[in-house]
Amino acid sequence: MKRINEYKKLFGIEKEIDLKVLKKSYRDLVKEWHPDKFQEGDSKREEAEVNSRKIIDGYHFLVSIAPETKAANLEAYTETITNSGIADYHHKGLLLEITFMDGSTYEYFGVTKQVYIKMVNSNTVNRFAKRMIYPKYTYRQSKKQLQEA
């Protein structure tokens with residue numbers, strides 16, 4: 001959740017992510033912080049390179065969790081969580097990454113350690129995830145899967 005809020009703050013997004021507003025904000029920030037805008041050897045150039053990478057990462061991240069993106073991919077996501085079992089899962093901080101039997105991987109944000117422990121200790125991990133993880137947490141398809149496609 002911290003990552004989501006940090007990127008929303010960077011792009012000046014208060015509530016729900018609107019792709020049109022996000023795109024305009026992204027373009028404005030890229031124009032402001034593009035490294036080619038600064039001369040070679042200028043100290044601002046290094047700062048611009050770091051900020052430029054952060055802006056690009058933030059844009060792609062927010063696009064992946066935007067309601068329009070979720071709506072476009074809802075059928076495939078529903079198919080995966082309904083018909084594919086969980087092949088593997090990892091928890092770090094508040095991020096739960098679940099890899100399904102069909103090869104797709106999704107990240108769930110804000111999953112506490114207590115919820116993760118309950119999931120691990122449940123008799124049927126898949127059933128627990130269907131009831132307690134999938135409907136309650138913000139998710140996105142993992143970068144790993146997106147890069148392979």
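Let's start with one pair of side chains. Glutamate 40 forms a salt bridge with arginine 45, and their closest N and O atoms are 3.9 Å apart. One note before going on: this is a predicted model.

How exposed are these two partners? Glutamate 40 is exposed, at 69% relative accessibility. Arginine 45 counts as buried, at 18% relative accessibility. The cut-off for buried is under 20% relative accessible area, so arginine 45 falls on the buried side.

Now stay with arginine 45. Its side chain also meets that of glutamate 49 in a salt bridge, at 3.7 Å from N to O. Where do these two sit? Glutamate 49 and arginine 45 both lie in helix α3, which covers residues 43-65. They are four residues apart, about one turn of the helix. Salt bridges with shared partners join Asp36, Glu40, Arg45 and Glu49 into one network. As for glutamate 49, 32% relative accessibility makes it partly exposed.

How many salt bridges are there in the whole structure? The search finds six. Let me show you another of them. Aspartate 28 forms a salt bridge with lysine 24. Here the closest N and O atoms are 3.2 Å apart. Both residues lie in helix α2, residues 19-33. Again the spacing is four residues, about one turn of the helix. Aspartate 28 is partly exposed, with 36% relative accessibility. Lysine 24 is exposed, with a relative accessible area of 53%.

Next, helix packing. Two packed helices are described by the angle between their axes and the distance between those axes. Take α1, residues 2-11, against α3. They pack at an angle of about 115 degrees. Their axes are 10 Å apart. Angles of 65 to 115 degrees count as roughly perpendicular, so that is the description for α1 and α3. The crossing of α1 past α3 is left-handed.

Which residues make this contact? From α1 come Arg3, Ile4, Glu6, Tyr7, Lys8, Leu10 and Phe11. From α3 come Lys54, Ile55, Asp57, Gly58, Tyr59, Phe61, Leu62 and Ile65. By type, the residues of the contact divide into nine nonpolar, one polar and five charged.

Let's step back to the whole chain. What does its secondary structure come to? The protein chain has seven helices and four strands. Read from the N terminus, the elements run α-α-α-α-β-β-β-α-α-β-α. So far we have looked at α1, α2 and α3.

One stop in α4, then. That helix covers residues 67-83, and alanine 71 is found in it. Is alanine 71 buried or exposed? Alanine 71 is exposed, with a relative accessible area of 56%. Now pick a second point, isoleucine 117, 46 residues from alanine 71 along the chain. The C-alpha atoms of alanine 71 and isoleucine 117 are separated by 30 Å.

What does the C-alpha trace span? Along its principal axes, the figures are about 60 × 30 × 30 Å. The protein chain has 149 residues, and buried residues make up 37% of them. Last, the contacts. Take those in the protein chain with a separation of 6 or more. Residues 24 or more positions apart account for 55% of these contacts.

To recap. Arg45 shares a salt-bridge network with Asp36, Glu40 and Glu49. Helices α1 and α3 are roughly perpendicular to each other. And the chain comes to seven helices and four strands.

Definitions and conventions: Residues numbered from 1 in each chain as written. Predicted model: local features only at pLDDT ≥ 70, side-chain atom pairs only at ≥ 80, totals over all residues. Heavy atoms only, no water. Salt bridge = Lys/Arg side-chain N within 4 Å of Asp/Glu carboxyl O. Helix = DSSP H or I, 4+ residues; strand = E, 2+ residues; numbered from the N terminus. Buried < 20%, exposed > 50% of the residue type's maximum accessible area, 1.4 Å probe, protein only. Axes fitted to C-alpha atoms, helices over the stretch in contact; angles between N-to-C directions. Parallel < 35°, antiparallel > 145°, perpendicular 65-115°, else oblique. Left-handed = near helix turned anticlockwise from the far one by under 90°. Contact = heavy atoms within 4.5 Å. Nonpolar A, V, L, I, M, F, W, Y, C, P; charged D, E, K, R; others polar.
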